[in-house]
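Dear colleague,

Please find the structure we discussed below, together with its sequence. My notes on it follow directly after.

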Amino acid sequence: MSKFYITTAIDYANGTPHLGHAYEKVLTDVIARYRRLMGDDVTFLTGLDEHGQKVQQSARDRGIEPIELCDEAAGQFQDLCRRLLISNDDFIRTTEERHKKVVNTLLQQLYDDGQIYQAEYTGYYSARAEQFLQEKDRVDGEWPEIYGDVVEISEKNYFFKLSQYQDWLIQYVKAHEDFIFPRFRAKQVIEFLKEPINDLCISRPKERLSWGIPLPFDPDYVTYVWFDALTNYISAVGYGTDSFSEYWPADFHVIGKDILVPPHAVYWPIMLKACGIELPKSLLVHGWWLTAGRKLSKSTGVVVNPLDLIDQFGADAFRYFVTREMNVGQDSEFSLDLFLSRYNSDLANDLGNLVNRTLNMTGRYLNREIAAQTDGDALEQEVRENWARTRDEVIGLYEEFQFHTALDRTFAFIKSINRYAEQRAPWKLAKSEDPADRELLGTCLSVMAESLRLATALAAPVMPGITDKVAVLLGHERAASWQEELEWSTVLSGNTLGEPTILFPRTNSKKS
Ligand code: MSP
């Protein structure tokens, strides 16, 4: 079994979960579930980034201790994972001992190696972005809004010799085509590296920021949050212990486009290189939901928080929507009208209809029992061929992270089965006394049930809840291997189907 280690970014503890966080977890979960189904031994990590100025400030504003604020946030983010059926194996918090220990080890190693030095720094500092700025960060002579108040400060700090790795990094990114996906994002990294990079200030004086991991070689300072946060990817899998090499290098760090440059594409590779640790195999960079932080309104004027849709329509519907709409790597606009229209047309209508028809008619005409499946004629032959084509294409699309197209093809197959039912018209066959028609009726309903089993098995990485429910309704126990599960078969013959149920109730978009 090959090991597969995948991570999400760890979210800031000083905010509440929003659509962007939810999407990243769903995307990573789809990949993790897909790899598990393909037989890999997957480790899926997510977590919370708990140190830094903003957490300290928010806690102070609320009159509570920073750790209380972090505990509260950890509860909310873990709850989000549960509501979204996220199958993470671990949830790391940067305030945990296991993490702090590894941050200390790295810092001490770099310090002992002479890769960290102390220097006086005079320059501009943005508390909001928690970073030092340079003249080149000004736009038209002004500091951009994102930096908030920018003040000039002079203080002693510790610096990590980032700049000496610049040429190595450029060569590395150019030579490793798979390091950054999608490929066009690698160009941004190369572009960024065209300008000389500065050494990285990795400390903050304790009097200004106390909520952080103290530097092991100077307790008057705490560690810069990015140095602290990035280390989570190795602290969670036991860096420094024997088992570390079983997990590392990670297969994918899934991140949003805003944190590629410089943290993940510059700081992180250089930190690892400087410590003699292998680099992760790949960074998978997704785009942004452009309306993520805002409440959404639909044309009727109703306003909702996108995450409320999880409770209202179910995790599978939410997961389906974000995976179907977002082309990994591009940005997307989240709209409630679009959500409702996809929900109604794809889930309630196409998938819901196939489920209802199969259960209802098998109940009414065959006493709920799936009949033996005969070869049928050209219509059935076409269904089987269509399935084989769809499955192969969809697997190829999953491999390339083209999940939106994979769902499009899977649902095209579901639609084609509804058309098959129209053509075969089992309701007409059911009226006939002719044994040949009775046999065809059994075959038709059995083909519909089999197609439903297969299509939902193929969509399992995206919609794990529904896949399981459909399997139960079909009286089916899934095969040990996914490849076997995705083969056209007669495994359902003789099964007694469950009571008809509505998996995705249609919603009247005016009321909801
Ligand atoms: N704490 C840092 C990451 C440290 S990783 C070692 C951070 N946190 S965050 O909460 O701001 O963002 C977490 C993830 O959510 C990032 O990958 C970010 O790109 C993603 N998203 C935040 N807003 C988003 C959207 N509007 N849309 C999609 N994803 C976005 O950055």
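The notes below take up the ligand and its surroundings, and then one pair of packed helices.

Please bear in mind that this is a predicted model.

The ligand is surrounded by 24 residues, of which Ile 10, Glu 24, Asp 49, Gly 256 and Asp 258 come nearest. By type, the shell consists of twelve nonpolar, eight polar and four charged residues. Several elements supply at least two residues each to this shell: strand 2 (11-12), helix 1 (19-37), helix 7 (225-230), helix 8 (232-235) and strand 13 (252-256).

Three polar contacts may be of interest to you. An N or O atom in the side chain of Glu 24 lies 2.5 Å from an oxygen atom of the ligand. A polar backbone atom of Tyr 12 is 3.1 Å from an oxygen atom of the ligand. Asp 49 places a polar side-chain atom 2.7 Å from a nitrogen atom of the ligand. The ligand taken alone exposes 660 Å², and the protein buries 95% of that area.

Turning to the helices, helix 14 (residues 378-399) packs with helix 17 (residues 435-458) at an angle of about 0°, the axes being 11 Å apart. Angles under 35 degrees count as roughly parallel, and the two helices are therefore roughly parallel to each other. Helix 14 contributes residues including Val 383, Trp 387, Arg 391 and Tyr 398 to the contact, while those from helix 17 include Leu 440, Val 447, Leu 454 and Leu 458. The residues of this contact divide into ten nonpolar, three polar and two charged.

With kind regards

How values were computed. Residues numbered from 1 in each chain as written. Predicted model: local features only at pLDDT ≥ 70, side-chain atom pairs only at ≥ 80, totals over all residues. Heavy atoms only, no water. Near = heavy atom within 4 Å. Polar contact = N/O pair within 3.5 Å; in protein donor to acceptor, adjacent residues only side chain to side chain. Areas by Shrake-Rupley, 256 points an atom, 1.4 Å probe, with all protein chains shown as cover. Helix = DSSP H or I, 4+ residues; strand = E, 2+ residues; numbered from the N terminus. Nonpolar A, V, L, I, M, F, W, Y, C, P; charged D, E, K, R; others polar. Axes fitted to C-alpha atoms, helices over the stretch in contact; angles between N-to-C directions. Parallel < 35°, antiparallel > 145°, perpendicular 65-115°, else oblique. Contact = heavy atoms within 4.5 Å.
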